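Visitor: Hi, can we go through this one together? I'd like to start with the cysteines and then move on to helix packing.
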Amino acid sequence: YKTLKTVESIYEAAFQAGLDRRSGIVALGGGVVGDIAGFAAATYMRGVKLVQVPTTLLAQVDSSVGGKVGVNHPRGKNLIGAFYQPVLVAADLDTLGTLPYREILTGMAEIIKCGLIADEKLVSELEASIFKDTASAVSSDMLIHWVKAACELKAQVVAADTKETGYREILNFGHTVGHAVEKAAGYGQYTHGEAVAIGMVTAAILSHRRGYLSRAAAERIISLIEKWGLPTRMEGLSIPAVVEACRFDKKIRSGK
């Protein structure tokens, strides 16, 4: 899993295979594989080539694009990592045919996020098209269009702020509370996309209460997430535990 111990096993395999600084690592799999392989590629001999071949919808629209690689720490997700761009990202949507629908939905949460932060047209399309089963989701030309739109949007944001010193943090919409929900519930209880959905709802409500977001806009966000069958509430979770988990978020500034 996403631990330094796993990364050490990749180093050992690389040494045994005789990889040198002109070699490369191919990450074939979901986001966990991409993050671990990417961190190993970024740090083995101070960096070898990295190719991302994401096989889940979540990885295709999120973790494989942008160069964030890393592992988890007992205090939180992705606290140990680097920014390391792949030389190639190859996303083949045929690989999604093997995924359960829940995994399609977790990727859809990130597509919804991309629309909400910067693409009104994408939001309107998502509101008008709700998939009912895995087969229709995987075979849809619309899904290809959405993956492309999400990747292009993320690439534009990353190009403007590669190392997340400011503007790139917009891509973390829903992720502060989302990561905290994952940690507080125990990793695996919620998928990443489900936790981010809860986080987006929380952010929308807080933003409305602070006077930044209209009630209609907040309700539109919540309605879209509900339409796609993603969770909007933290069932059975301790709010103090979630708040405490937020304290170790990478976007914390001066303890806030």
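Guide: Sure. A disulfide here is a pair of cysteine sulfur atoms within 2.5 Å. This is a predicted model, where local features need pLDDT of at least 70 and side-chain atom pairs count only at pLDDT 80 or more, while totals for chains, interfaces and linings use all residues. Residues are numbered from 1 along each chain as its sequence is written, and side-chain values use heavy atoms, with hydrogens and water left out.

Visitor: OK, how many disulfides does the count come to?
Guide: Zero.

Visitor: Why is C114 without a bond?
Guide: Because the closest cysteine sulfur, in C151, is 8.1 Å from the sulfur of C114, too far for a bond.

Visitor: And is C114 buried or exposed?
Guide: Buried, at a relative accessible area of 1%. The cut-offs are under 20% for buried, over 50% for exposed, and partly exposed in between, with a 1.4 Å probe and protein chains only. C246 counts as buried too, at 16% relative accessibility.

Visitor: On to helices. At what angle do α1 and α2 pack?
Guide: About 60 degrees, with the axes of α1 (residues 4-17) and α2 (residues 31-43) 9 Å apart. So α1 is oblique to α2. Under 35 degrees is roughly parallel, over 145 roughly antiparallel, 65 to 115 roughly perpendicular, and the rest oblique. Axes are lines fitted to C-alpha atoms, for helices over the stretch in contact, and angles run from 0 to 180 degrees between N-to-C directions. Helices are DSSP runs (H or I, at least four residues), as are strands (E, at least two), numbered from the N terminus.

Visitor: Which residues meet there?
Guide: From α1, L4, T6, V7, I10 and Y11; from α2, I36, A37, F39, A40 and T43. Contact means heavy atoms within 4.5 Å. That α1–α2 contact divides into eight nonpolar, two polar and no charged residues.

Visitor: What about α9 and α10, what's their angle?
Guide: About 170 degrees, for α9 (residues 192-209) and α10 (residues 215-227), with axes 9 Å apart. That makes α9 roughly antiparallel to α10. Among the residues making the contact are M200 and H208 of α9 and R215 and I222 of α10.

Visitor: Last topic: where is L79?
Guide: In strand β4, residues 76-83. L79 counts as partly exposed, at 31% relative accessibility.

Visitor: What does L79 touch?
Guide: V71, H73, F248 and K250, leaving out residues up to four places away in sequence. As for A17, 62 residues apart from L79 along the chain, the two C-alpha atoms are separated by 29 Å.

Methods
Nonpolar A, V, L, I, M, F, W, Y, C, P; charged D, E, K, R; others polar.
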